[in-house]
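Hello,

Here is the structure I promised to pass on to you. Please have a look at it first, and then read my notes below.

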Amino acid sequence: MKPEKLRHIKKHLLRRLNELQFEAIQAAFEKKFVNDNPSDTVDKASLDFDQNEKLMMKERKMLLIKELQEAIMRIDRGVFGICEACEGRIAGRRLLATPTTRFCMVCMEKMRGPKAA
Ligand SMILES: [Zn+2]
């Protein structure tokens, strides 16, 4: 992959990372206003649902932040676009669509198994 293309992808990844980290900080801030131990008079079920939803979203975001950080690290190390399983090259089109991908199409499909295909 050409250096200017890598720079472009890195810039894109950094911007996305900044957005997510900003959202994470905001979410942490909002959490201060949420009661962690609701009394029985509160509609606990719906609150739990809400909390679970938020937790799931938070976990997804944390995972995404980690993936973005790893992708940026791979660019810095010069191993961006190299499959972690077979060390083959990941197709440029695939990288542009999903820069956080760590595996080539072949390995990805192997990992997913025949069911998901
Ligand atoms: Zn591979």
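**Leucine 68 and its surroundings**

Leucine 68 counts as buried, because 22 C-beta neighbours lie inside 10 Å and 20 or more are enough for that label. Before going further, please keep in mind that this is a predicted model. Leucine 68 sits in helix 2. If neighbours within four places in sequence are left aside, its contacts are Leu13, Arg16, Leu17 and Thr100. Leucine 17 is 51 residues away from leucine 68 along the chain, yet their C-alpha atoms are separated by 6.3 Å.

**The chain as a whole**

What does the secondary structure come to? There are four helices and zero strands, so to speak a plain α-α-α-α when read along the sequence. The chain has 117 residues, and 9% of them are buried. Take the contacts between residues at least 6 apart in sequence: 53% of these join residues at least 24 apart.

As for confidence, the mean pLDDT of the chain is 87, and 87% of the residues reach 70 or more. Helix 3 (residues 92–97) has the highest confidence, at a mean of 92, while helix 4 (residues 105–116) has the lowest, at 84. A general reminder: predicted coordinates should not be read in detail where pLDDT is low.

**How helix 1 meets helix 2**

Now to the pair of helices that I looked at. Helix 1 covers residues 3–31 and helix 2 covers residues 44–77; their axes come within 9 Å and cross at roughly 150°. Helix 1 is therefore roughly antiparallel to helix 2, since angles over 145 degrees count that way. The crossing of the two helices is left-handed.

Which residues of helix 1 and helix 2 meet? On the helix 1 side they are Leu6, Ile9, Lys10, Leu13, Leu14, Arg16, Leu17, Leu20, Gln21, Glu23, Ala24 and Ala27. Helix 2 brings Lys58, Lys61, Leu64, Ile65, Leu68, Gln69, Ala71, Ile72 and Ile75 to the contact. By type, the residues of this contact divide into 14 nonpolar, two polar and five charged.

Two of the helix 1 residues deserve a closer look:

- Arginine 16 is in helix 1. Arginine 16 is partly exposed, because 18 other C-beta atoms lie within 10 Å. From arginine 16 to isoleucine 65 there are 49 residues in sequence, and 8.5 Å in space from C-alpha to C-alpha.
- Glutamate 23 is also placed in helix 1. Is glutamate 23 buried, exposed or partly exposed? The answer is partly exposed, because 14 C-beta neighbours are found inside 10 Å. Glutamate 23 and lysine 61 are 38 residues apart in sequence, with 9.0 Å between their C-alpha atoms.

**A loop residue to look at**

Outside the helices, please turn to glutamate 87, in the loop between helix 2 and helix 3. Glutamate 87 is not a glycine, although its phi is positive, at about 60°. Glutamate 87 counts as exposed, because there are 10 C-beta neighbours inside 10 Å, and 12 or fewer put a residue in that class.

If you open the model again, you could start from leucine 68 in helix 2, go across to helix 1 through Leu13, Arg16 and Leu17, which are among its contacts, and then move on to glutamate 87 in the loop between helix 2 and helix 3.

Happy to talk it over whenever it suits you.

Best wishes

Technical notes:
Residues numbered from 1 in each chain as written. Predicted model: local features only at pLDDT ≥ 70, side-chain atom pairs only at ≥ 80, totals over all residues. Contact = placed C-beta atoms within 7 Å. pLDDT = per-residue confidence, 0-100. Axes fitted to C-alpha atoms, helices over the stretch in contact; angles between N-to-C directions. Parallel < 35°, antiparallel > 145°, perpendicular 65-115°, else oblique. Left-handed = near helix turned anticlockwise from the far one by under 90°. Nonpolar A, V, L, I, M, F, W, Y, C, P; charged D, E, K, R; others polar.
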